[in-house]
Structure formats: C-alpha cells, structure tokens
Amino acid sequence: MLSGARTRSPLSVATDLTVRSPRSATVDTPIGLFSVVTTDRGVVATLFDDEDAAAELERLEHRLGAGVRDAPRELVGLRREVDAYFAGRGRTFATPVDLRLIGQGFERRVLEVTTRIPFGELWTYGDVAEAAGSSRAGRAAGNALGRCPIELFVPCHRVVHADGSIGGYGRHEERKRWLLAHEGHP
C-alpha cells in the first residue's frame with residue numbers, strides 16, 4: 001500500500017475517468033520508496049515516499065472514481081521492471097502508461113513524446129515542444145512535464161534546458177540529478 005495511505009471504500013465519482021480496481025505496489029529504490037498505481041490500461045500515477053502519499057492518493061482516488069488497493073503480488077512483473085531499472089539491468093518498461101488523467105491537446109502530446117525518449121538520451125524542452133507540434137512552446141512543455149503524475153515511466157528527467165542545465169523537476173532536482181547520473185549523464 002502507498003506509504004501513509006489508509007484503506008477506504010471506493011469513492012463514487014461518476015466520470016468517464018472512472019476505472020475498475022486501480023492497484024498499487026511499492027518498490028524500495030536507491031532514492032526512496034516508489035509507489036506505482038496502475039489501471040487496466042497501464043501506469044496512471046507514481047509517488048516517491050518524500051511526497052504526501054495520503055493526500056496524493058486521496059486526490060488520485062477522487063479523480064479515478066475508485067479506491068486504490070494494494071496488490072504487490074498482482075504487480076510482480078511491474079515491480080521487477082522497476083527493480084531492473086534501478087539495478088542497471090533495464091532500460092525500458094514494458095508496462096504501458098495510462099494518460100487518462102491528462103487532458104487532450106498540447107500537454108498530453110508533450111507526455112506522449114516524452115514517453116518515447118530513449119534511455120540515456122537527453123532532449124531539451126524545445127525539442128519536446130517541437131515534437132509535440134509547437135516549436136515555440138518550450139516553457140509550456142516544461143510546465144506540462146512539471147505536472148506529470150507518472151515519473152520514470154514518462155521519463156521527464158531526460159528533458160533539460162537548451163544550455164544543458166537540468167531545469168526543474170517538481171521540486172525534486174536531486175532526484176533528477178540521480179536519475180541522470182544513473183543513465184550516464186554526470
């Protein structure tokens with residue numbers, strides 16, 4: 001179960017986002033506990049233990065219209081993928097991402113483009129904006145990446161400023177530095 005979360009009955013929010021049985025599993029990584037929440041489509045959210053897991057989980061459950069249940073055995077394959085990445089044995093994730101919580105338009109295109117950035121490769125915010133269809137929207141691309149609810153599976157850490165500086169990472173720049181170093185960027 002997500003660290004700090006409590007079990008509760010599913011919420012009743014009738015929307016097109018409502019999903020059946022979202023599940024979670026937590027993996028111990030070199031940079032903290034990492035919780036992954038999935039739906040029938042793929043990874044819908046991730047959380048590190050330095051975030052307010054209970055509040056984030058409550059917001060997520062409200063948006064999904066269902067309670068998230070702890071399912072480490074059901075998600076053993078996903079846990080192995082995360083373990084392999086942090087052990088240096090995995091460079092890609094077979095588990096797809098579920099962008100249902102992201103609206104349509106530019107923000108979604110930014111995340112879709114970012115999902116395709118290969119391990120070890122760096123793109124600039126301008127590169128991502130251009131690939132998403134708006135070459136002059138580097139700042140907007142950065143804002144979209146800063147709000148991304150799915151770390152690692154959407155490799156926002158692989159996007160940097162044009163001058164090579166790492167840029168922001170949702171107040172977690174040390175995590176971004178670690179991930180970049182892990183992928184071979186000092």
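This passage describes the fold, the sheet, one helix, two residues and the pockets of a predicted model.

Residues are numbered from 1 along each chain as its sequence is written, and side-chain values use heavy atoms, with hydrogens and water left out. Because the model is predicted, local features need pLDDT of at least 70 and side-chain atom pairs count only at pLDDT 80 or more, whereas totals for chains, interfaces and linings use all residues.

The protein chain holds 6 helices and 6 strands. Both kinds of element are DSSP runs, numbered from the N terminus: helices are H or I with at least four residues, and strands are E with at least two. From the N terminus on, the order is β-β-β-α-β-α-α-β-α-α-β-α. The chain has 186 residues, and 47% of them are buried. Buried means under 20% relative accessible area, exposed means over 50%, and partly exposed lies in between, with a 1.4 Å probe and protein chains only. The exposed area of the protein chain is about 9,500 Å². Carbon and sulfur atoms supply 48% of that area. Accessible areas come from the Shrake-Rupley method with a 1.4 Å probe; for residues, only the protein chains shown count as cover. Among contacts with a separation of 6 or more, 64% join residues 24 or more positions apart. A contact means heavy atoms within 4.5 Å.

Four strands make an open sheet with mixed pairing, in the order E3-E2-E1-E4. E3 and E4 are the edge strands, and each pairs on one side only. Two strands pair if DSSP finds at least two bridges between them. Strand E1 (residues 23-29) and strand E2 (residues 32-38) are antiparallel and share 7 bridges. These two strands form a hairpin, with 2 residues between them. E2 also pairs with E3 in the antiparallel sense, over 5 bridges. There, Phe 34 has Phe 48 of E3 as its bridge partner. On the other side of the sheet order, E1 runs parallel to strand E4 (residues 69-70), and 2 bridges join them. Ser 24 takes part in both pairings of E1. Its bridge partner in E2 is Val 37, and its bridge partner in E4 is Asp 70. In a regular strand the side chains alternate between the two faces of the sheet.

Helix H2 spans residues 76-86. Its buried residues are Leu 78, Glu 81, Val 82, Ala 84, Tyr 85 and Phe 86. An α-helix has 3.6 residues a turn, so residues three or four places apart point the same way. The cover over the buried residues of H2 includes E1, E2, E3 and H6. Just after H2, Gly 88 takes a positive phi of about 85 degrees.

Two residues, one in H6 and one in the loop between E6 and H6, were examined in turn. Arg 175 is found in helix H6. Arg 175 counts as buried because its relative accessibility is 7%. Not counting residues up to four places away in sequence, Arg 175 touches Ile 31, Phe 48, Asp 50, Glu 51, Glu 151 and Tyr 169. His 172 sits in the loop between E6 and H6. His 172 is also classed as buried, because its relative accessibility is 14%. With the same sequence neighbours left out, up to four places away, His 172 touches Asp 50 and Glu 51. Asp 50 lies 122 residues from His 172 along the chain, yet their C-alpha atoms are separated by 9.4 Å.

Rolling a probe the size of a water molecule over the atoms shows where empty space is left. The search used a 1 Å grid over the protein atoms alone. A cavity is a set of points where a 1.4 Å probe fits but cannot get out; a pocket is an open set with protein on both sides within 12 Å along at least five of seven lines. Lining residues have an atom within 4 Å of a point. Grid points are joined across faces, edges and corners, and a volume is the space filled by probe spheres set on the points.

The largest pocket has a volume of about 890 Å³. Its lining has 39 residues, and Leu 145, Gly 146, Arg 147, Cys 148 and Pro 149 lie nearest its centre. H5 gives the largest share of this lining, 6 residues. By class, the lining has 16 nonpolar, 11 polar and 12 charged residues. Ala, Val, Leu, Ile, Met, Phe, Trp, Tyr, Cys and Pro count as nonpolar, Asp, Glu, Lys and Arg as charged, and the others, Gly among them, as polar. The second largest pocket holds about 190 Å³ of space.
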